[in-house]
Amino acid sequence: FRTLLIYFPNIHQNPLNMEGAGEMETEIQLNPLFSYRLEVDFGKTVEIRLKTGKAEIFGAELSPYITYKFTATKTAIFTWHGCTFTVKGKTLKEYKWDESKGHTMPSLIYVNVHAYLNQQRELALINERIGPRVLVTGSNISGKSSVCKVLLNYATKTSWKPVFVDLDITNNETFVQSTMGATVLETYFPDNFFEHPSLEFFYGYLDIANHPRLYQEQVRRLGACVNSKLQEDLKKAKTELFNIQDTEKEIPVHQEKMTCFSGVVVNMGPWSQNLGYDSIKETLAVVIDAFNIDTVLVIDDQSLNQTVEEVVGDRNVVIESLPKSGGVVQIDE
């Protein structure tokens, strides 16, 4: 997790060291449902090691046997039941935050979404069909990438192998800026996708509005490739795993590893201010059709939620509005 480009706000509640920690190792204790948010500058390294309890970063569980190093990042460590860990190095900012504050608790809502998607995966496994296809969209500063990481990490933690599609051309997680890509996740969300095989299309701009037709055409091509992968995987599953002669079907344990049953998580990325309303609707329709989306998660944007409903129409697509995490801030260019 050394290079996660996820940003959190300048909230000053429960400050630990607003000027930055020294090089001495300090011990941090988190109560249940608390997060520890830290910012690390370029050229600086902060080491964190879990001592007691359990903690996670965007759904990826931390191991007590590994020292995690962070540099040039803004991230958060969250615990459901409480934990203790050590911090060594110089930070720009660090503070604790009670995630249970307010009327909603985003972390709990995201876990419920994961439970729903896992239920859809189990049904896909039983009914021999492709798993859930999820589109995550929302306002430009809502933490869409973070939600995708949480859903993907929880999926791999429960032995699924989902396809991650990143259509964010400004801050792409699978390759570099001005590209869109897809990759299959078999383990926790990596901090360096360059080490993982993925399919990438070079868009060449940092704004959808620069060439919306090219963007839409590449989305269609990428969707066709992903669908082909899922169909081939499903065909293989039916041939090798479901070919059982007994009258009572038994499902092998390793079958749940199949990518086709795990489904797809699509990160839409930010919407351009130069993109008109009709172009947004058209682009949304292209994405939903290209990946056969059956679930749309709209984060912190009631207007966009209404737009999605208009685009979906009478199709059998589940649309859910989710709150954004309190730790989301503007990304520094």
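Which residue forms a salt bridge with Arg221? Keep that in mind while you look through these close-ups, and remember that the model is predicted.

**Close-up A. A salt bridge within helix α3.** The partner of Arg221 is Glu217, and the closest N and O atoms of the two are 2.9 Å apart. Both residues belong to helix α3, which covers residues 212-240. Because they are 4 residues apart in this helix, about one helical turn separates them. How exposed is Arg221? Its relative accessibility is 52%, so Arg221 counts as exposed, the cut-off being over 50%. Glu217 has a relative accessible area of 31%, so this residue is partly exposed.

**Close-up B. Strands β2 and β7, side by side.** Here you can follow β2 (residues 34-40) and β7 (residues 73-79). The two strands run antiparallel, and 7 bridges join them. Is β7 mostly covered or mostly uncovered? Mostly covered: 6 of its 7 residues are buried. Look across from Lys74 in β7 and you'll find Glu39 standing opposite.

**Close-up C. Zooming in on Lys74 and Glu39.** These two don't just face each other: their side chains meet in a salt bridge, at 3.9 Å from N to O. The pair links distant parts of the chain, with Lys74 in strand β7, Glu39 in strand β2, and their positions 35 residues apart. Is Glu39 buried or exposed? With 8% relative accessibility, Glu39 counts as buried, because the cut-off is under 20%. For the wider picture, the structure holds 13 salt bridges.

**Close-up D. Where strand β5 meets helix α2.** Another salt bridge brings together the side chains of Glu61 and Lys157, at 4.0 Å from N to O. This pair also links distant parts of the chain: Glu61 sits in strand β5 (residues 60-61) and Lys157 in helix α2 (residues 144-157), 96 residues apart. Glu61 has 31% relative accessibility, so it counts as partly exposed. Lys157 is partly exposed too, with a relative accessible area of 32%. Which residues make up the network here? Salt bridges link Glu56, Glu61 and Lys157.

**Close-up E. Two rings, edge-to-face.** A search of the whole structure turns up 4 aromatic pairs. One of them is Phe78 with Trp80: the ring centres are 4.9 Å apart and the planes make an angle of 85 degrees, so the pair is edge-to-face. Phe78 counts as buried, with 7% relative accessibility. Trp80, on the other hand, is partly exposed, with a relative accessible area of 25%.

**Close-up F. A cluster of tyrosines.** Tyr203 and Tyr215 have their ring centres 5.6 Å apart and their planes at 85 degrees, so this pair is edge-to-face. Why does the pair tie together separate parts of the chain? Tyr203 lies in the loop between β13 (199-202) and α3, while Tyr215 lies in helix α3, so the tie joins parts that are 12 residues apart in sequence. Tyr203 is buried, with a relative accessible area of 3%. Tyr215 is buried as well, and its value is 0%. Add Tyr205 to Tyr203 and Tyr215 and you have one aromatic cluster.

**Close-up G. A lysine over a ring.** Which residue lies over the face of Phe58? That's Lys149, placed 5.4 Å from the ring centre.

Terms used. Residues numbered from 1 in each chain as written. Predicted model: local features only at pLDDT ≥ 70, side-chain atom pairs only at ≥ 80, totals over all residues. Heavy atoms only, no water. Buried < 20%, exposed > 50% of the residue type's maximum accessible area, 1.4 Å probe, protein only. Pairing = 2+ DSSP bridges. Phe/Tyr/Trp six-rings, centres within 6.5 Å; stacked < 30°, edge-to-face > 60°. Lys NZ or Arg CZ within 6 Å of the ring centre and 35° of its normal.
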